[in-house]
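This report describes selected features of one protein model for a reader who has not met it before. The sequence and structure are shown first, and the description follows.

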Amino acid sequence: MYINENFIKLPQSYLFSTVAAKLKEYRAKHPDADLIRMDIGDVTLPIAPCVVEAMHRAVDDMASAETFHGYGPEQGYPFLREAIATTDYQNRGIDISADDIFISDGAKSDLGNLGNIYSKKSIIGVADPGYPVYVDSSVMDGRGGELLPDGRWSRILYMDCLPENGFKPAVPERGVDVLFLCSPCNPTGTVFTRDELTRWVEYARRNKTLIIYDSAYEAFVQDPEIPRSIYEIEGAKEVAIEVRSFSKTAGFTGLRCGYTVVPKELKGYDREGNEYPLHQLWNRRQSTKFNGASYIIQRGAEALYTPEGREAIKKNIDIYLSNARYIRQAMEKAGFEVFGGENSPYVWVKRRGEEDSWKLFEKILHEAEVSSTPGIGFGECGAGYIRLTGFNSPENTHKAMERVSKIKFDDASEATENFTAFNDVKNIKAIDVLDDLTEKLGL
Ligand code: MLT
């Protein structure tokens, strides 16, 4: 048996596994550490009561022959597909139907698995920095080429995202076959405007490019002018697959459920130029390799579409966003350069003069017992940055920022004074929002 040698070309560990291993090592050396996690985007608030009740009822269904559910449809149960189509699309004026939707066990799996339906020779385009699954899974499938000394892959087109372009990729001059776009962006927290997204759709139509639109964080968009779905853009159904998740929206990181929209209008081509609906290919792939998400979890997800479910989602998002806002303001006052955190749970942070993400990660870990994700793990353009998340509790977020503000950097005294002044001003909006929410929710 010969192995898939693409695996040996890959760096040995996945970004978040490397971070987890470093934290484990830190804990082993410092057993009393009061570590505050702001690294992986894992949520901390519990599942909404209406979801828990729906899952309890679904467990009871399993206990009786009349209501027992065995294998479900590989595409997902109609009750959930209908609820998604109506609430997330049709009620917002977007023409997506239930049978365009495939229920999944989360966005990450589908983002990797979609590689089954396009050619191994496809040229991939990614924003740098970007969610590492896009590049790693492309490399596993043999689409990376060779790893170059600068840490990039020879066959992948990287679109640099830097402060100069507002961390937004420019439409490339050449065509690519498959383009991964993410808005709100993981890790930088930036969002595409309607005009920008329109330019991407036009590019894809011109070049027969497939856009894989990672929309896992759409629920964090607060600005009504910012599109939450790529299908808000005319013509997008002919070029884009949209991937979404209940993980960050509704606390499903441990339950595992998301969905992927593959509109029936979307086509791919064979070498002779004949068209094939990607919906059909994805359906074939899912029927063969996936037995559907769990019935119990899908019943839980369905409850998110009730009025109680909508309310619960909004409450969670408000808390995470106010944490992100707080981080943003606090880090800025503590002397960091800060981006994102407005329509996103992620805050993208840099210390002027520090170009080594892992060094910054280590310093903050050792001196403040706060974990972050090193920006370099998201791509070369992430060098020097770290990503912080708003997914911890308001108390921990507050505590983490206070500790970080006390770290001695070369320019530290000024930063600490700034933060202290900021912390003392009780009319700062982020703090008020946090206090208010904390009180309301009895946290
Ligand atoms: C992240 O922190 O970027 C995400 O939580 C990772 C994931 O969703 O797999």
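Strand 9 contributes the largest share of the lining of the largest pocket, namely 3 residues. The model discussed here is a predicted one. The space in the largest pocket amounts to about 720 Å³. Its lining consists of 24 residues, and those nearest the centre are Tyr118, Lys208, Gly268, Tyr269 and Asp270. Two or more lining residues come from each of helix 7, strand 9 (267-269) and helix 9 (278-289).

The second largest pocket has a volume of about 490 Å³. Here 26 residues form the lining, with Pro11, Asp136, Ile376, Gly377 and Gly379 nearest the centre. At least two residues each are supplied by helix 2 (15-29), strand 3 (124-128) and helix 6 (132-140). Helix 6 gives the most, with 4 residues.

The table sets out the two linings by residue class.

| Pocket | Nonpolar | Polar | Charged |
|---|---|---|---|
| Largest pocket | 11 residues | 4 residues | 9 residues |
| Second largest pocket | 16 residues | 6 residues | 4 residues |

Lys208, one of the residues nearest the centre of the largest pocket, also has a notable backbone angle. Its phi is near 55°, a positive value in a residue other than glycine. Most residues other than glycine have a negative phi. Lys208 is found in the loop between helix 7 and strand 6 (210-214). With a relative accessible area of 53%, Lys208 lies over the 50% cut-off and therefore counts as exposed.

A positive phi, of about 60°, also occurs at Phe167, which is not a glycine. Phe167 is placed in the loop between strand 4 and strand 5. In contrast to the exposed Lys208, Phe167 is buried, as its relative accessible area is 3%.

Phe167 also takes part in the aromatic contacts of the model. The count of aromatic pairs comes to 26. In one of them, the ring centres of Phe167 and Phe339 are 4.7 Å apart and the planes meet at 65°; because this angle is over 60 degrees, the pair is edge-to-face. This pair links distant parts of the chain, since Phe339 belongs to strand 11 (residues 337-340) and the two residues are 172 residues apart. Phe339 is partly exposed, with a relative accessible area of 22%.

Phe167 forms another edge-to-face pair with Tyr385, at 5.7 Å centre to centre and 90° between the planes. This contact too connects distant parts of the chain: Tyr385 is in strand 15 (residues 385-389), 218 residues apart from Phe167. Tyr385 has a relative accessibility of 3% and so counts as buried. Phe167, Phe339 and Tyr385 belong to one aromatic cluster, together with Tyr14, Phe16, Trp348 and Phe378.

Aromatic rings also meet charged side chains. The charged end of Arg299 sits over the ring of Phe79, 3.7 Å from its centre. Lys22 lies over the face of Trp358, at 5.2 Å from the ring centre.

The last features concern the peptide bonds. Most peptide bonds are trans. A cis peptide bond, however, joins Ser183 and Pro184, with omega about -10°. Another cis peptide bond joins Asn186 and Pro187, where omega is about 20°. Pro184 is located in the loop between strand 5 and helix 7 (194-207), and Pro187 is likewise found in the loop between strand 5 and helix 7.

Definitions and conventions: Residues numbered from 1 in each chain as written. Predicted model: local features only at pLDDT ≥ 70, side-chain atom pairs only at ≥ 80, totals over all residues. Heavy atoms only, no water. Phe/Tyr/Trp six-rings, centres within 6.5 Å; stacked < 30°, edge-to-face > 60°. Buried < 20%, exposed > 50% of the residue type's maximum accessible area, 1.4 Å probe, protein only. Lys NZ or Arg CZ within 6 Å of the ring centre and 35° of its normal. 1 Å grid on protein atoms, 1.4 Å probe; cavity = no way out; pocket = protein on both sides within 12 Å on 5 of 7 lines; lining within 4 Å. Points joined across faces, edges and corners; volume = space filled by probe spheres on them. Nonpolar A, V, L, I, M, F, W, Y, C, P; charged D, E, K, R; others polar.
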